[in-house]
Amino acid sequence: MSKNFLSDLNHKFYSQENGAKTSVYFQKSSKKPLAVLIHGFGGNAFGMSFLSQEMSKNWRIVLVELPSHGKSSLQKIEKSADLRRWNAEIITKIEREFGEISLLVCHSFACASVSGEISRKIPTVLINPVFKTPESFRFFGELSAKSKFFAIFSNLPIFSPFKVFFLIKTWRAKSWKNVFANLFRSFSSAEQLTSQGKMTKIILENPLLAKSSKDVAMLVVGSRDAMSEKLTEKQKSDFFEKSEVFEMKTGHLLPIEFPEILASKLEKFLPEK
């Protein structure tokens, strides 16, 4: 992989109806089918760049940065409905500029942005979705949403290595290299951290355990993912009865840890020529 796949991409902002701006990276004109990828909470587009580069052999890539993340402007988004509206608006803008989207790939927190309307229209893959947060995360999430000081303090660089040990669940050297490369490119400003702290309310809603999730094409989960409680068999049948489930013995950072395996798995969504 190149040192920074993002440097090979073009960049622009989409102006939203509320005056905010969403940061988007994209490849130049290509006849390849279009794939849109959205990173997880606290990160930026670089977190999906490992997977994007692997996918770019077969797909034209568009990378979207969440509100209050990366180069996207600050936004007040504290409910899952607000996040879904943001997603729908950006997807519409991408379709108008680039044409039909053949695949939507979301990681972690971004999975909550996908509405049933979107997943019925576009084949959608959710990677490491947070179905239900463990009690320990709920405590810290609620604290981050209420306290600006804690939202900033808990994200100081000194704590980053500890987060890595909590999230990564493989000993593969390449995976660790990718995770630490992402770690040093994922810092947020104090203003962003405060805004992101408010967004943790969405995670605590457990929005994925909703009726609208039934049309998701595929769930990719880590059997050792510490960020989400596992789905019960009843939840799988109730909420994801139409979804293919692909499970790996790893943690919460699958797009960074094993991008080549994921890219290979996603080839099944390539449109027939």
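Ala263 lies in helix α11, which covers residues 259–266. In this predicted model, Ala263 has a relative accessible area of 8%, so the residue counts as buried, the limit being under 20%. Apart from its neighbours within four places in sequence, Ala263 is in contact with Leu51, Glu54 and Met55. The C-alpha atoms of Ala263 and Ser56 are separated by 9.0 Å, although these two residues are 207 residues apart along the chain.

**The chain as a whole**

The chain has 273 residues, and 54% of them are buried. Its secondary structure consists of 11 helices and eight strands. Among contacts in the chain with a separation of 6 or more, 77% are between residues 24 or more positions apart. The accessible surface comes to about 12,900 Å², and carbon and sulfur atoms account for 55% of that area.

**Nonpolar cores**

In soluble globular proteins, nonpolar side chains tend to be buried together. The largest nonpolar core here has 38 residues, and the members that touch the most others are Val62, Val64, Ile94 and Leu104. At least two residues of this core come from each of β2 (21–26), β3 (34–38), β4 (60–64), α2 (80–98), β5 (101–107), α8 (190–204) and β7 (218–222). Helix α2 gives the largest share, six residues. Ile94 touches Tyr14, Leu34, Val36, Val62, Val64, Gly99 and Ile101, if residues up to four places away in sequence are not counted. A second core, separate from this one, has 36 residues, including Tyr25, Met227, Leu254 and Phe269.

**Helix α8**

Helix α8 has 15 residues, and at 1.5 Å a residue it should span 21 Å. The C-alpha atoms at its ends are 22 Å apart, which agrees with that expected span. The helix nevertheless bends by about 25° at Lys198. Because 11 of its 15 residues are buried, α8 is largely enclosed by the rest of the structure. The buried residues are Gln192, Leu193, Thr194, Ser195, Gln196, Gly197, Met199, Thr200, Ile202, Ile203 and Leu204.

**Three serines in loops**

Three serines in loops are set out below by position and relative accessible area.

| Residue | Loop between | Relative accessible area |
|---|---|---|
| Ser68 | β4 and α2 | 0% |
| Ser108 | β5 and α3 (116–121) | 8% |
| Ser243 | α9 (233–239) and β8 (244–248) | 12% |

Are these serines buried or exposed? Ser68 counts as buried at 0% relative accessibility, Ser108 is buried at 8%, and Ser243 is buried at 12%.

Two of these residues have a positive phi. For Ser68 the phi is about 65°, although the residue is not a glycine. Ser108 is likewise not a glycine, and its phi is about 55°.

For Ser243, there is a neighbouring polar atom to note. A polar atom of the Ser243 side chain lies 2.7 Å from the backbone oxygen of Val216.

Key: Residues numbered from 1 in each chain as written. Predicted model: local features only at pLDDT ≥ 70, side-chain atom pairs only at ≥ 80, totals over all residues. Heavy atoms only, no water. Helix = DSSP H or I, 4+ residues; strand = E, 2+ residues; numbered from the N terminus. Buried < 20%, exposed > 50% of the residue type's maximum accessible area, 1.4 Å probe, protein only. Polar contact = N/O pair within 3.5 Å; in protein donor to acceptor, adjacent residues only side chain to side chain. Core = buried A, V, L, I, M, F, W, Y, C linked by side-chain atoms within 4.5 Å. Contact = heavy atoms within 4.5 Å. Expected span 1.5 Å × (residues − 1). Bend = angle between axes of the 7 residues up to and from the residue. Areas by Shrake-Rupley, 256 points an atom, 1.4 Å probe, with all protein chains shown as cover.
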